[in-house]
Amino acid sequence: MVFDAQLISSQPIPNHTGEDKRTQTLQRGILYARTALGAAFLSGIADRFGLYWGRNVGYGNFDGFMRYTAEVNSFMPPATIPFLAWAATAAELFLGIALILGIWPRCVAIGSALLLVMFGIAMAISFGIKSPLDHSVFSASAGSVLLALYQNRRPAVNS
């Protein structure tokens, strides 16, 4: 009769391998990674528009961010700096919101990984490899790649 009760029950049949628990844990980890990456992008936006004050403020305003953009992209012509600063701002705003909301997860994760790796390479060229490593830029990019790979998974079909 246990078999009949399981067919009638609205609860899933227990998986003795722990697969459901592992899937739930993985999904929580994915949510954490998406939220952390998205919040990091949006925190940078808040800083460059003066929403932070007091100690530990990075740029403080957009002029400070433009100066930092020029330092990170020291190999680029000065005329490109305003475009690069605004393009990075637009990309980080879009990617930050999309990561937190979970929209277009694979494309947004790939975009995040590419933006972060470009930033890391620019930092390495201008300041040396220690700078992007100390700021975990490549680690964040790798996390974005893992998000993209997870989003590419196909759910298993039970037969």
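Which residue forms a salt bridge with Arg48, and how far apart are the closest N and O atoms?

1. The residue is Glu92, and the closest N and O atoms of the pair are 2.8 Å apart. The structure discussed here is a predicted model. Glu92 belongs to helix H4 and Arg48 to helix H2, so the salt bridge ties together parts that are 44 residues apart in sequence. Both Glu92 and Arg48 are buried. As a general matter, side chains of opposite charge can pair when their charged atoms come close.

2. The structure holds two salt bridges. In the one between Lys130 and Asp134, the N to O distance is 2.4 Å. These two residues both lie in helix H6, which covers residues 130–134, and they are four residues apart, about one turn of the helix. Lys130 has a relative accessible area of 55% and is therefore exposed. Asp134, at 48% relative accessibility, counts as partly exposed. By contrast, Glu92 and Arg48 are buried.

3. The largest pocket contains about 960 Å³ of space. It is lined by 32 residues, and those closest to its centre are Arg48, Glu92, Leu115, Leu116 and Phe119. The salt-bridged pair Arg48 and Glu92 is thus found among the residues closest to the centre of this pocket. In terms of class, the lining comprises 22 nonpolar, seven polar and three charged residues. At least two lining residues come from each of helix H2 (19–48), helix H3 (62–72), helix H4 (81–101), helix H5 (105–127) and helix H7 (137–151).

4. The largest nonpolar core has 17 residues, of which Leu37, Phe41, Leu95, Leu99, Val108, Leu116 and Leu147 touch the most other members. Helices H2, H4, H5 and H7 each supply at least two residues of this core. The most comes from H5, which gives six residues. In soluble globular proteins, nonpolar side chains tend to be buried together. Leu116 is named both in this core and among the residues closest to the centre of the largest pocket.

5. Leu95 illustrates the contacts made by one core member. Leaving aside neighbours within four places in sequence, Leu95 is in contact with Phe41, Val108, Gly111, Ser112 and Leu115. Among these partners, Phe41 and Val108 are also listed with the core residues that touch the most other members.

6. Two positions in helix H7 merit separate comment. Ser144 lies in this helix and has a relative accessible area of 0%, so this residue is buried. With neighbours within four places in sequence left aside, the contacts of Ser144 are Leu37, Ala109, Ser112, Ala113 and Leu116. Ala142 is also placed in helix H7, but at 40% relative accessibility Ala142 counts as partly exposed. The C-alpha atoms of Ala142 and Ala109 are 10.0 Å apart in space, while the two residues are 33 residues apart in sequence.

7. Is Arg34 buried or exposed? Arg34, in helix H2, is buried, because its relative accessible area is 16% and the cut-off for a buried residue is under 20%. Its C-alpha atom is separated from that of Gly102 by 7.6 Å, although the two residues are 68 residues apart along the chain. Not counting residues up to four places away in sequence, Arg34 touches Leu99, Ile100, Leu101, Gly102 and Leu147. Of these, Leu99 and Leu147 are named among the core residues that touch the most other members.

How values were computed: Residues are numbered from 1 along each chain as its sequence is written. This is a predicted model: local features need pLDDT of at least 70, side-chain atom pairs count only at pLDDT 80 or more; totals for chains, interfaces and linings use all residues. Side-chain values use heavy atoms; hydrogens and water are left out. On a 1 Å grid over the protein atoms alone, a cavity is a set of points where a 1.4 Å probe fits but cannot get out, and a pocket is an open set with protein on both sides within 12 Å along at least five of seven lines; lining residues have an atom within 4 Å of a point. Grid points are joined across faces, edges and corners, and a volume is the space filled by probe spheres set on the points. Ala, Val, Leu, Ile, Met, Phe, Trp, Tyr, Cys and Pro count as nonpolar, Asp, Glu, Lys and Arg as charged, and the others, Gly among them, as polar. Buried means under 20% relative accessible area, exposed over 50%, partly exposed in between (1.4 Å probe, protein chains only). Contact means heavy atoms within 4.5 Å. A salt bridge is a side-chain nitrogen of Lys or Arg within 4 Å of a carboxyl oxygen of Asp or Glu. A nonpolar core is a set of buried Ala, Val, Leu, Ile, Met, Phe, Trp, Tyr and Cys residues joined through side-chain atoms within 4.5 Å.
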